[in-house]
Amino acid sequence: MNKHTKVYLNRNEFGTVSGIKFIELHYADLTEFYYPIDLLVLASYKYHEGSTIKAFEESFLEKYGISIDNIKNNAEIDLTKSLGVWMSKEFDVEKVGFKRMACIELDDRTITTDCFRERIRNLFAMVNLADGIDIDIENIAMPVMGSCLKKISSDEILGVLIEQSRKAMENTCKLDGLYIVDNDRERVMKFDRKMNEILNRSDIDQENVFSDEQCDEILCDMWSKLKYYREQVSSGKFKRRDRSDVLIEFEARIESRELRQFELCVLARKLLEFIIYDIGGEKAGNRNLFQKIEYMRKSSLASQRITAYMHTIRTFGNSEVHNDEIDVENSIPENDLDRQILVESLSRIVDYWISYKYRYHKKLNK
């Protein structure tokens, strides 16, 4: 996989009282990340020459003529002495790719797992403080934080990052997601494996769906249809990444021919939510997914058969949203047939959406 690929390597979604949140793992260059970021977080290791902030500073200074020292000296929030974290003033996101920068100060000679957990907790405490003074942070990107710490294993580091990130997003309404971004292939693949282990993903969850000839054929057919009809989507209505951009993301995943089953479940759910929003509008949007599907049925925007397919995708998607929970004792493992059911259901919904768009545009042009 190319390090500049515009699709994620791994993703976990989980439900909170303020909606579905996510943690994504990317194999990419943080200095050229492809999504606009509200907060870029770096680590400064007191005695380590390979500090991520030092490496980033060279690139940042070369591109924009701005030094990290100047940014820190003019910080919006400086809690370095008390909590070991600080946050910059706002940048031009169109220019640099992120709104603000934050830094965690770490003493790599003495830090323990508990100290590292405290620093990550302090970072999210600062995000809550920022929210209190009307600084909106909806997403965060960071490298594999703590990767230079020799006294803490990579397993412990990832465990802390996932644990503290989830707690923060469960307790913060505006924070929707975290991107963990790293361009070290060996390190990021190790984190990918550990992330699947933490989330209790089975072997079939991690199988490439293109190994199934039937799924391969159906997905490639969907790709050609989505590619052709994407231009009909009203881009002005969809500002957020998780709306119309899912079409581009889905196409890119099919083109890469690297799509694991758990990723297909997540993407299918996102594509379903986009289609419902595209057809049902705001009236369908402000509900949970079950209610959105029922709205489509009750308002006669979709037939009972189509909404049955929608509920099938919702069920598969929910299994990934809650896949770190204990399975029901008498459940049976997923198999290839389950994957084919998911792909067939998604294909039917894509056909329904394209047919609806065709009739809608034909009606407008009369």
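Is tryptophan 353 buried or exposed, and at what relative accessibility? In this predicted model, tryptophan 353 has a relative accessibility of 1% and therefore counts as buried, the limit for that word being under 20% relative accessible area. Tryptophan 353 also has an aromatic partner, to which the last part of this passage returns.

A word on confidence helps a newcomer to read the rest. The protein chain has an average pLDDT of 79, and 82% of the residues reach at least 70. Two stretches call for more caution. Over residues 234-242 the pLDDT stays under 50, and the model has 16 contacts beyond four places in sequence for them. Residues 322-332 likewise stay under 50, with 8 such contacts in the model.

A good place to begin the tour is the sheet. It is open and built from 8 strands with mixed pairing, and the order across it reads E1-E2-E8-E7-E3-E6-E5-E4. Strand E1 (10-16) and strand E4 (77-79) are the edge strands; each has a single partner strand, so one side of each lacks a neighbour in the sheet. On average, neighbouring strands are turned by 15 degrees against each other, direction ignored.

Within this sheet, strand E8 (residues 177-182) offers a clear view of burial. Of its 6 residues, 6 are buried, so the strand is largely enclosed by the rest of the structure. In a regular strand, side chains alternate between the two faces of the sheet. In E8 both faces are covered: Gly177, Tyr179 and Val181 are buried on one side, and Leu178, Ile180 and Asp182 are buried on the other. Strand E2 (residues 19-27) pairs with E8 in the parallel sense through 6 bridges, and tyrosine 27 has aspartate 182 of E8 as its bridge partner. E7 also pairs with E8 in the parallel sense, here over 4 bridges, with asparagine 139 opposite glycine 177 in E8.

Further along the sheet, strand E3 (residues 37-45) and strand E6 (residues 98-106) run parallel and are joined by 8 bridges. Leucine 39 stands opposite arginine 100 in E6. Helix H5 (residues 113-132) packs on the sheet, where it touches E3, E4, strand E5 (85-87), E6 and strand E7 (139-142). The direction of H5 makes about 145 degrees with that of E6.

Away from these strands, helix H8 (residues 213-229) contains aspartate 216. With a relative accessibility of 17%, aspartate 216 counts as buried, because the limit is under 20%. Neighbours within four places in sequence aside, aspartate 216 is in contact with Val209, Phe210 and Arg257.

Aromatic rings complete the picture, with 3 aromatic pairs in the structure. In one of them, the ring centres of phenylalanine 91 and phenylalanine 98 are 5.5 Å apart and the planes stand at 80 degrees, so the pair is edge-to-face. Phenylalanine 91 is buried at a relative accessible area of 16%, and phenylalanine 98 is buried at 6%. Phenylalanine 274 and tryptophan 353 also form an edge-to-face pair, with 5.7 Å from centre to centre and 70 degrees between the planes. This pair links distant parts of the chain, since phenylalanine 274 lies in helix H10 (residues 261-280) and tryptophan 353 in helix H14 (residues 336-364), 79 residues apart. Phenylalanine 274 counts as buried at 1% relative accessibility, and tryptophan 353 is buried at 1%.

Note on methods
Residues numbered from 1 in each chain as written. Heavy atoms only, no water. Pairing = 2+ DSSP bridges. Helix = DSSP H or I, 4+ residues; strand = E, 2+ residues; numbered from the N terminus. Axes fitted to C-alpha atoms, helices over the stretch in contact; angles between N-to-C directions. Contact = heavy atoms within 4.5 Å. Buried < 20%, exposed > 50% of the residue type's maximum accessible area, 1.4 Å probe, protein only. pLDDT = per-residue confidence, 0-100. Phe/Tyr/Trp six-rings, centres within 6.5 Å; stacked < 30°, edge-to-face > 60°.
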